[in-house]
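Good morning, colleagues. I should like to take you through one protein chain, from its overall fold to a few residues in its turns. Please look at the display as we begin.

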Amino acid sequence: MGEYIIYYKGKIIGGIYDDRFLVKPVKAAKDMMPEAEMELPYEGAKEMLLVDNIDDKDFMKALLEAMYDELPAPKNKKKT
């Protein structure tokens, strides 16, 4: 699995895999990054969008906020 999973307001937005920031390919992310490459985070995983401009704080904030409503709610953990 990847090196880090990234959460935004309790939802998984993507992760950092082999020094790459990849996000889930929801419509909002595709619309904001139409030229973004699709990459595999690790063997056997679904492709994700590569975020190139991670140094642009305004873009990153807008990206995460735009993606939020399209992301699935966190699953409830079973109590043992």
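Let me start with a turn. In the hairpin formed by β2 and β3, two residues lie between the strands, and D18 adopts a positive phi near 50°. Please bear in mind throughout that this is a predicted model.

D18 sits in the loop that links β2 to β3. Its phi near 50° is a positive value in a residue that is not glycine. As a general point, most residues other than glycine have a negative phi. Is D18 buried or exposed? With a relative accessible area of 54%, D18 is exposed, because the threshold for that class is over 50%.

D19 belongs to the loop between β2 and β3 as well. D19 is not a glycine either, yet its phi is positive, at about 65°. The relative accessibility of D19 is 73%, so this residue counts as exposed.

Let me now step back to the whole chain. How many helices and strands does the secondary structure comprise? There are two helices and five strands. Read from the N terminus, the order of elements is β-β-β-α-β-β-α. The radius of gyration is 13 Å, close to the 12 Å given by the globule rule for 80 residues, so the chain is as compact as a globular protein of that length. Along the principal axes, the C-alpha trace spans about 45 × 30 × 20 Å.

Some further totals describe the chain as a whole. Of its 80 residues, 34% are buried. The accessible surface comes to about 6000 Å², and carbon and sulfur atoms account for 51% of that surface. Taking contacts between residues at least 6 apart in sequence, 46% join residues at least 24 apart. As for charge, the chain has 13 positive and 16 negative charges, and the mean positions of the two sets are 14 Å apart.

I turn next to the sheet. In what order do its strands lie? The sheet is open, has five strands in the order β1-β2-β3-β5-β4, and its pairing is antiparallel. At the edges are β1 and β4, the latter formed by residues 38-39, and each of these strands pairs on one side only. In general, strands of a sheet pair through backbone hydrogen bonds.

Within this sheet, strand β2 covers residues 11-17, and five of its seven residues are buried, so β2 is largely enclosed by the rest of the structure. On one side, β2 pairs with β1, residues 4-8, in the antiparallel sense over five bridges. Two of the residue pairs may help you to find the register on the display: I5 stands opposite G15, and I6 has G14 as its bridge partner.

The pairing of β2 with β3, residues 20-23, is likewise antiparallel and runs over four bridges. Here G14 is partnered by V23 of β3, so that G14 has bridge partners in both β1 and β3, as the pair with I6 shows. Towards the turn, Y17 has R20 of β3 as its bridge partner.

R20 deserves a closer look. This residue is found in strand β3. Which residues does R20 contact, leaving aside its neighbours within four places in sequence? They are G15, E39, L40, P41 and L50. R20 and E3 are separated by 17 residues in sequence, while their C-alpha atoms are 9.8 Å apart in space.

Finally, I come to the other hairpin, that of β1 and β2. This hairpin has two residues between its strands, and K9 takes a positive phi near 50° there. K9 lies in the loop between β1 and β2. With a relative accessible area of 60%, K9 is exposed. K9 and Y68 lie 59 residues apart in sequence, but the distance between them is 8.1 Å from C-alpha to C-alpha.

To close, I would return to two points. The sheet has the strand order β1-β2-β3-β5-β4, and β2 is largely enclosed, with five of its seven residues buried. In the hairpins on its two sides, K9 and D18 each take a positive phi near 50°. Thank you for your attention.

Definitions and conventions:
Residues are numbered from 1 along each chain as its sequence is written. This is a predicted model: local features need pLDDT of at least 70, side-chain atom pairs count only at pLDDT 80 or more; totals for chains, interfaces and linings use all residues. Side-chain values use heavy atoms; hydrogens and water are left out. The radius of gyration is taken over C-alpha atoms; the globule rule is 2.2 Å times the number of residues to the power 0.38. Buried means under 20% relative accessible area, exposed over 50%, partly exposed in between (1.4 Å probe, protein chains only). Contact means heavy atoms within 4.5 Å. Accessible areas come from the Shrake-Rupley method with a 1.4 Å probe; for residues, only the protein chains shown count as cover. Lys and Arg count as positive and Asp and Glu as negative; His and the chain ends are not counted. The place of a charge is taken as NZ of Lys, CZ of Arg, CG of Asp or CD of Glu. Two strands pair if DSSP finds at least two bridges between them.
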